[in-house]
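Please open the model in a viewer and follow the selections below in order. Each stop names what to select and describes what is found there.

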Amino acid sequence: MNAPTHYDTIIIGAGMSGLAAGIRLAYYEKRVCILDRHTMPGGLNSFYRLDGRDFDVGLHAMTNYVSKDVRSAPLNKLLRQLRLKHEDFQLCPQRQSDVRFPGVTLRFTNDFAVFEADVCEKFPQQADAFRKLVAHIMAFNELDLNAKPLSARAVLKEFLSDALLTDMLLCPLMYYGSANVDDMEFGQFVIMFKSIFREGFARPRVGVRQIVSTLLKKYKACKGELRMGRGVKRLVVRSDCVTSVELDSGEVLTADTILSSAGSAETERLCSDVTTPAQIANADAKAGQMTFMESISVLDRQPESFGYSGTITFFNNSERFDYRPAEDFADPRSGVICCPNNFLYDEPLKEGIVRVTSIANYAKWTSLSQAEYLAKKREWYERCVAEAVKFVPDFRPYVTYIDTFTPRTIEKFTHHLNGAVYGAPGKIKDGRTRLSNLFICGTDQGFLGIIGAMLSGISMANLHVLQRSAKGGEA
């Protein structure tokens, strides 16, 4: 019998963090293999083709956008680590986005001064407090892997006395990164505040596939091995480490180190020593609950032709902002409206597109028969869009094509428990698990957004593989 194929590192998941980690390790001539159960790379941020059209899933906009001369910014640090050029992602900045609550709108662009001025104009009695909060945010070390978690709401309360302003700051940051119900860990809040408000939004003209294809090309050029359609069935545990990796196909692989971007609870479930109902329940209890549905409406004209020029709108239409699993199939009272046409491209996109994202309920969507499921998708598309057009020009007369994905879709293509988009509330900042050679990267490590995911993969590869190798295997 042939010995199992051995690697320096096996990476579970061909998403942003897995690909970035793979590139980083392959640069240093590590023998690396990335495994993914699906045939399309990208993980939570991927793309698909349906009825002759290409659609993004996950990416509305890439956060952390800065010009290439801002060397200390996360985007440019990332590019240096991956040996990529600023031009490789072909990023086009946003026009203007906003946060809309009843009676108040806060505008923001990729120039923080615009947002700061609008906050101070709309909330003049909070102006000094807001500036002090910003100073605190800029001084905070959100990259400290040993920092204890703090409640963002509790920290904001130390600075701001206006509950509406607090909710308006939290709304976009939660929608784009919080796994916590009705709150956000403050380090995560800082990451998202800097990446959305201090830096900003951009999008490749062709969407997320530009980023994925760039990473794939670089990884393959570095001689990394990629196995799509090769799911991990089991991590065989002996004593305090993973001794082998069993694939769904029955093939067995071995590696010195395993990096998993599958999620902390999902990775724990793969371990061969997690077998009893109590152990499985303990793993599942750590999983996140926040999941979403999203509709994509294709239009027969450019949105700007009927007065729609904004890039992204975060909205809330109730007295207070609730960020928790929906009681019904979705909660249309708040959401995100993204118009991919309204970035600063050299030439317009071929068709108009509007995406509407709403908080959803995993259990309700996964309890339906196929016929019921299709009917509910149409019903909740109409309900969520009806609420969205209270905040942007009504695009419904121009819709020619619709696609909708739900928590059921998210679970199918990511295998995240509960269809949780942002993973577990408890992040593992240093990536360490109870097993000496198994580490977490990606969503459950704690860096957020596409740039954050890639930086997570790089950071964990540096910390747990390259630095350990340099120290002769010492952690």
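Begin with the whole chain, which is a predicted model. Buried residues make up 57% of the 475 residues in the protein. Colour by secondary structure to display 14 helices and 18 strands. The radius of gyration is 22 Å, close to the 23 Å that the globule rule gives for 475 residues, so the protein is as compact as a globular protein of that length. Orient the C-alpha trace along its principal axes, where the spans are about 70 × 55 × 50 Å. Among contacts with a separation of 6 or more, 73% are between residues 24 or more positions apart.

**The nonpolar cores**

Next, select Tyr176, Phe189, Phe193, Phe314 and Met454. These belong to the largest nonpolar core, which has 105 residues, and they touch the most other members. Add helix α14, residues 449–470, which gives the most to this core, with 10 residues. In soluble globular proteins, nonpolar side chains tend to be buried together.

Now centre on Phe193. Apart from neighbours within four places in sequence, Phe193 is in contact with Phe112, Phe130, Val134, Ile137, Leu169, Leu173 and Arg198. A second, separate core of 19 residues can then be located by selecting Cys33, Leu35, Val242 and Leu270, which are among its members.

**Helices α5 and α6**

Show α5 (residues 152–159) together with α6 (residues 163–175). Their axes come within 11 Å and cross at roughly 150°, and the crossing is right-handed. Display side chains to see Ala152, Arg153 and Leu156 of α5 meeting Thr166, Asp167, Leu170 and Met174 of α6. This contact is made up of 4 nonpolar, 1 polar and 2 charged residues.

**Leucine 133**

Move to Leu133, in helix α4 (residues 127–139). What surrounds Leu133 beyond its neighbours within four places in sequence? The contacts are with Leu156, Phe159, Leu160 and Leu169. Leu133 has a relative accessible area of 0% and therefore counts as buried. For a view across the model, draw a C-alpha to C-alpha distance from Leu133 to Gly352: the two are 38 Å apart in space and 219 residues apart in sequence.

**Serine 358 and threonine 404**

Select Ser358 in strand β16, residues 352–360. Is Ser358 buried or exposed? Its relative accessibility is 1%, so Ser358 counts as buried. Leaving aside neighbours within four places in sequence, Ser358 is in contact with Thr291, Phe292, Met293, Ala330, Asp331, Ser334 and Cys384.

Continue to Thr404, which lies in strand β17 (residues 399–405). Thr404 is buried as well, with a relative accessible area of 8%. With the same sequence neighbours set aside, its contacts are Met293, Glu294, Ser295, Lys377 and Tyr381. Met293 thus appears in the contact list of Ser358 and in that of Thr404.

**Two residues with positive phi**

Finish with two loop positions. Asn64 is in the loop between β4 (53–57) and α2 (74–82). Its phi is near 70°, a positive value in a residue other than glycine. Asn64 is buried, at 6% relative accessible area.

Gln90 is in the loop between α2 and β5 (91–93). Although not a glycine, Gln90 has a positive phi of about 50°. Its relative accessible area is 44%, so Gln90 is partly exposed.

Terms used
Residues are numbered from 1 along each chain as its sequence is written. This is a predicted model: local features need pLDDT of at least 70, side-chain atom pairs count only at pLDDT 80 or more; totals for chains, interfaces and linings use all residues. Side-chain values use heavy atoms; hydrogens and water are left out. A nonpolar core is a set of buried Ala, Val, Leu, Ile, Met, Phe, Trp, Tyr and Cys residues joined through side-chain atoms within 4.5 Å. Buried means under 20% relative accessible area, exposed over 50%, partly exposed in between (1.4 Å probe, protein chains only). Helices (H or I, at least four residues) and strands (E, at least two) are DSSP runs, numbered from the N terminus. Contact means heavy atoms within 4.5 Å. Axes are lines fitted to C-alpha atoms, for helices over the stretch in contact, and angles run from 0 to 180 degrees between N-to-C directions. A crossing is left-handed if the near helix is turned anticlockwise from the far one by less than a right angle, and right-handed if clockwise. Ala, Val, Leu, Ile, Met, Phe, Trp, Tyr, Cys and Pro count as nonpolar, Asp, Glu, Lys and Arg as charged, and the others, Gly among them, as polar. The radius of gyration is taken over C-alpha atoms; the globule rule is 2.2 Å times the number of residues to the power 0.38.
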